[in-house]
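Dear colleague,

I am handing over the structure that follows, together with some notes on what was found in it. Please read the notes with the structure open beside you.

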Amino acid sequence: MSTSRDALARGAERLSAAGIENARLDARVLMAHAANDALYDQFLARRVAREPVAYITGTKEFWSLALDVGPGVLVPRPETETLIEQACREFPDRAAPLHAIDFGTGSGAILAAFLCEFPNARGLGIDDSPEALVWAERNIAKLGLSGRCELALADWTRAPETSFDVILSNPPYLTTAEVETAPPELGYEPRGALDGGTDGLAAYRALAPLIAGRLKLRGHAFLEIGAGQGDAVTAILAAAGLEIVRIVPDLAGIPRCVVVVPEKTVGKVSPSL
């Protein structure tokens, strides 16, 4: 049997030859999840075929939470953690009994992280993909959050007509052209979680009136956006009667999270309330 060092070198070389970036890191992660050399070789073959590492290992860390992921659900990205950071900033009282909704909950990553930070909060995750909700249900149960979280298979427009303190969403925001020319790894993930239409803004047009009609007076919405979409998303939200508190960059410096409040509350309502 090869040594771990030999196996790592062999795996990294194989992945590098297939044109995969971060070949050594991927090889190391796959080796850590493989119980034997045969399984490691299977993992490498799947990665050479450009299957995402998270699908191969069946897990992805988000906000220090080990989430189960696989076919049918979007793999959580580190930049999405910006939404949780901003929610914690706006609501410094971790004991607050907040009511949150996550539009397009996918794996449940955002909602799970939020509920872990706010132990007295309740949450509702909505997604129109039954495949994605299987993973969300698994993660919510795994983290012991089922008592405070409801998941619903529904179109966004069927969200309860009630008010929420917190609205969260990482909607699809790539343009159709970007999806069609994306790296092959993206082809494994559900297109509905990625494709935002011709201009990448279709989801924001759908979300804007829903947010305006469901956000409490002192509530905040936290939306992820793609690179260069700040002005366009701001205009869409403003047309629905919402105001932008700020747009926050992720760790790569890309404007990523739009913090939104109801119209005429900026400067009048303390963001900590």
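**Cysteines**

Cys 149 is buried, with a relative accessible area of 12%. Please bear in mind from the start that this is a predicted model, and that the values in these notes were computed from it. Cys 149 takes part in no disulfide, and the cysteine sulfur nearest to its own, that of Cys 116, is 10 Å away. Since a disulfide requires the two sulfur atoms to lie within 2.5 Å, that distance is well outside the cut-off. Cys 257 likewise is in no disulfide, its nearest cysteine sulfur being that of Cys 88, at 11 Å. Cys 257 also counts as buried, at 0% relative accessibility. For the model as a whole, the count of disulfides comes to 0.

**Aromatic pairs**

The count of aromatic pairs comes to 2. One of them joins Phe 103 and Trp 156, whose ring centres are 6.1 Å apart and whose planes stand at 75°, so the pair is edge-to-face, given that an angle over 60 degrees is what earns that label. Phe 103 belongs to strand S3 (residues 99–103), while Trp 156 sits in the loop between strand S5 (149–153) and strand S6 (164–169), so the contact ties together parts that are 53 residues apart in sequence. Both Phe 103 and Trp 156 are buried.

**Strands**

Strand S7 (residues 215–224) is a good place to begin with the strands, and it is mostly covered, with 7 of its 10 residues buried. S7 pairs with S6 in the parallel sense, over 5 bridges, and within this pairing Ser 169 has Leu 223 of S7 as its bridge partner. S7 also pairs with strand S9 (residues 255–262), here in the antiparallel sense and over 4 bridges; in that case the bridge partner of Phe 222 is Val 259 in S9.

Elsewhere in the chain, S1 is joined to strand S2 (residues 65–68) by 4 bridges, and these two strands run antiparallel. Thr 59 has Asp 68 of S2 as its bridge partner. S1 and S2 form a hairpin with 2 residues between them, and Trp 63 in the turn has a positive phi of about 55°.

**Pockets**

The largest pocket has a volume of about 1200 Å³. It is lined by 42 residues, of which Lys 60, Val 75, Arg 77, Leu 186 and Glu 189 are the closest to its centre. Helix H2 (23–33), helix H4 (53–57) and strand S1 (59–62) each supply at least two residues of this lining, and H2 gives the most, with 4 residues. By class, the lining of the largest pocket has 20 nonpolar, 9 polar and 13 charged residues.

The second largest pocket has a volume of about 450 Å³. Among the 28 residues that line the second largest pocket, those closest to its centre are Gly 104, Gly 106, Asp 127, Asn 170 and Ala 193. The lining of the second largest pocket divides into 13 nonpolar, 10 polar and 5 charged residues.

With kind regards

Technical notes. Residues are numbered from 1 along each chain as its sequence is written. This is a predicted model: local features need pLDDT of at least 70, side-chain atom pairs count only at pLDDT 80 or more; totals for chains, interfaces and linings use all residues. Side-chain values use heavy atoms; hydrogens and water are left out. Rings of Phe, Tyr and Trp (its six-membered ring) pair if their centres lie within 6.5 Å; planes under 30 degrees apart count as stacked, over 60 as edge-to-face and the rest as tilted. Buried means under 20% relative accessible area, exposed over 50%, partly exposed in between (1.4 Å probe, protein chains only). Two strands pair if DSSP finds at least two bridges between them. On a 1 Å grid over the protein atoms alone, a cavity is a set of points where a 1.4 Å probe fits but cannot get out, and a pocket is an open set with protein on both sides within 12 Å along at least five of seven lines; lining residues have an atom within 4 Å of a point. Grid points are joined across faces, edges and corners, and a volume is the space filled by probe spheres set on the points. Ala, Val, Leu, Ile, Met, Phe, Trp, Tyr, Cys and Pro count as nonpolar, Asp, Glu, Lys and Arg as charged, and the others, Gly among them, as polar.
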